[in-house]
Amino acid sequence: MPIRTQIWTVGAQPAPLKNAVLASEQFLEDMIVSAPALLSEDWLLIGRQESTGQGGRIDLLALAPDASLVLIELKRERTPREVVAQALDYAVWVERLQANEIEAIYQRFKPGADLAADFQARFGTPLEAEALNQSHQIVIVAAELDASSERIVGYLSERDIAINVLCFQVFQLGEQQLISRAWLLDPTEAPQASSASKPGMPAEPWNGEFYCSFGDAEHRNWAEAQQYGFVCGGGGSWYSNSLKMLAPGDRVWVNVPGAGYVGVAKVTGHATPAGDFCLQQNGEEFPALDVLSAARYHRDQVDDPERCEYFVPVQWLYSLPLNEAVKEVGLFGNQNTICRPTTPKWRWTVERLKERFGIH
C-alpha cells in the first residue's frame, strides 16, 4: 500500500501542512550529497552520476559497513515500474566492479581522498580488500511508488534480492520546505545484500560455523572480550542486529579486521543490550559497563535500543592475544559483525584454523 504521511502544526487549532514538490531531482541529489543521513547513517557515499558504459548513469553509489555496494536511484515524483527494471540493469554493472574500479569511482567523487582511510574513519574498521563489493543492494528513492513497482519490489525481496524503496514527502511551512522519509520494507528485516554469488565465487551449503568480525578500536576491546567471555557490536542496528543470529550452543570464529583470527568460542547466551548485560567478577555479578573500562562500548547510546552496544556471552574454546592473531593469505574476511558464510573459502578457513588452534 502507498506510504503517505501527514504533518500538522501544534496549537489550539492544528492545521495540516500543504504538500509541496522539490524543484528538481538534481536538488534532491545535492541535498543527499550534503547530508547523506537523509538516506542512512550507515552508508559512506562514494560516487555520483557514474556512467555504466551502456548509456545509463547511476545517481549515487555508497558503501555499507560490510564493504558491500549500495546502488541508489532517485526519482523526484512517482516511480513507474520501468525504474525498477532500470535499477536491476544497473545492478548487473555494479556486481562486476573490481576494487581498483571502485577506487577510481571514489577519486572522481572526492579527488585526492583515500577510500581506505575514509572507510576506517567512517566505520571504525579497516577496509578489507577481499570484502569490497562481495555483495550489493538496490535502493530506489521516490516521492511515490505505484502499485506495480511495489509488487515487483516485494516479490524480489521475498526471494532474497536486496532491494528497497525509500519514500519521501515534501511539505510547505511558510517559506520553508520540510521533508520526511519512510522505508517501504523495514531495513532491519529486508535483505541487506544480494544473496547471489559473485561471478567465479560458487556457493555451497553452510557448514554450521559462524563468523564474527570484532572491531578492536575505540568502542570495544579484544583483551576484555577475551578475559570476560563475550563478543559485541553496536553503534547502529546494522552492527548489532546480526548478533541476534547467535544462540546457545553455536560455535563462532572471531576475526579482528586488520589483525587476524583471535579465537573460537561456544555461545552461551543471547544478544543483550549493554545496559542489561552483566559480567562475573570475583564470584559476583556486576553490570558490564561498570566493569569494562578499556573502550567506550557506546556508553553515550545506552538508552537507545537502535544504537547501543549489544553483548553475546561466550565460552572460549581457544583464544589468543591480539599480537598473536592468525593472519594468513587466503583466510576468509568479512565486515559483518556476524554472518554465515557459504563459500568454499570459509570451509577451508575453518579447517585451517582448527589446525592452528588445535580444535577437533
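## Close-up views of a predicted model

**View 1. The second largest pocket.** This pocket, the second largest, has a volume of about 510 Å³. Keep in mind that the whole model is predicted. Which residues lie nearest the centre of the second largest pocket? They are F123, G124, G234, Y239 and H298, and they belong to a lining of 25 residues.

**View 2. Where the lining of that pocket comes from.** Three elements each give the second largest pocket at least two lining residues: α4 (115-123), β9 (230-233) and α7 (237-240). The largest share, three residues, is supplied by α4. Sort the lining residues by chemical character and you get seven nonpolar, 12 polar and six charged.

**View 3. R96 and E95, a pair of neighbours.** The structure holds 16 salt bridges, and here is one of them: R96 with E95, whose closest N and O atoms are 3.6 Å apart. Why can such pairs form at all? Side chains of opposite charge can pair when their charged atoms come close. Are the two partners, R96 and E95, buried or exposed? R96 is partly exposed, with a relative accessible area of 48%. E95, on the other hand, counts as buried, at 15% relative accessibility.

**View 4. E204 and R347, a pair that ties together separate parts.** In this salt bridge, the side chains of E204 and R347 meet at 2.8 Å, N to O. E204 sits in the loop between β7 (176-183) and β8 (209-213), while R347 is in helix α9 (residues 344-357), so the pair ties together parts that are 143 residues apart in sequence. As for accessibility, E204 counts as partly exposed at 21%, and R347 counts as partly exposed at 42%.

**View 5. E328 and R356, part of a network.** How far apart are the closest N and O atoms of E328 and R356? They are 2.4 Å apart, and the two residues form a salt bridge. This pair links distant parts of the chain, 28 residues apart: E328 is in the loop between β15 (310-319) and β16 (338-339), and R356 is in helix α9. E328 is partly exposed, with a relative accessible area of 22%. R356 is partly exposed too, with a relative accessible area of 39%. And the pair has company: salt bridges with shared partners join E328, R352, E355 and R356 into one network.

Definitions and conventions. Residues are numbered from 1 along each chain as its sequence is written. This is a predicted model: local features need pLDDT of at least 70, side-chain atom pairs count only at pLDDT 80 or more; totals for chains, interfaces and linings use all residues. Side-chain values use heavy atoms; hydrogens and water are left out. On a 1 Å grid over the protein atoms alone, a cavity is a set of points where a 1.4 Å probe fits but cannot get out, and a pocket is an open set with protein on both sides within 12 Å along at least five of seven lines; lining residues have an atom within 4 Å of a point. Grid points are joined across faces, edges and corners, and a volume is the space filled by probe spheres set on the points. Helices (H or I, at least four residues) and strands (E, at least two) are DSSP runs, numbered from the N terminus. Ala, Val, Leu, Ile, Met, Phe, Trp, Tyr, Cys and Pro count as nonpolar, Asp, Glu, Lys and Arg as charged, and the others, Gly among them, as polar. A salt bridge is a side-chain nitrogen of Lys or Arg within 4 Å of a carboxyl oxygen of Asp or Glu. Buried means under 20% relative accessible area, exposed over 50%, partly exposed in between (1.4 Å probe, protein chains only).
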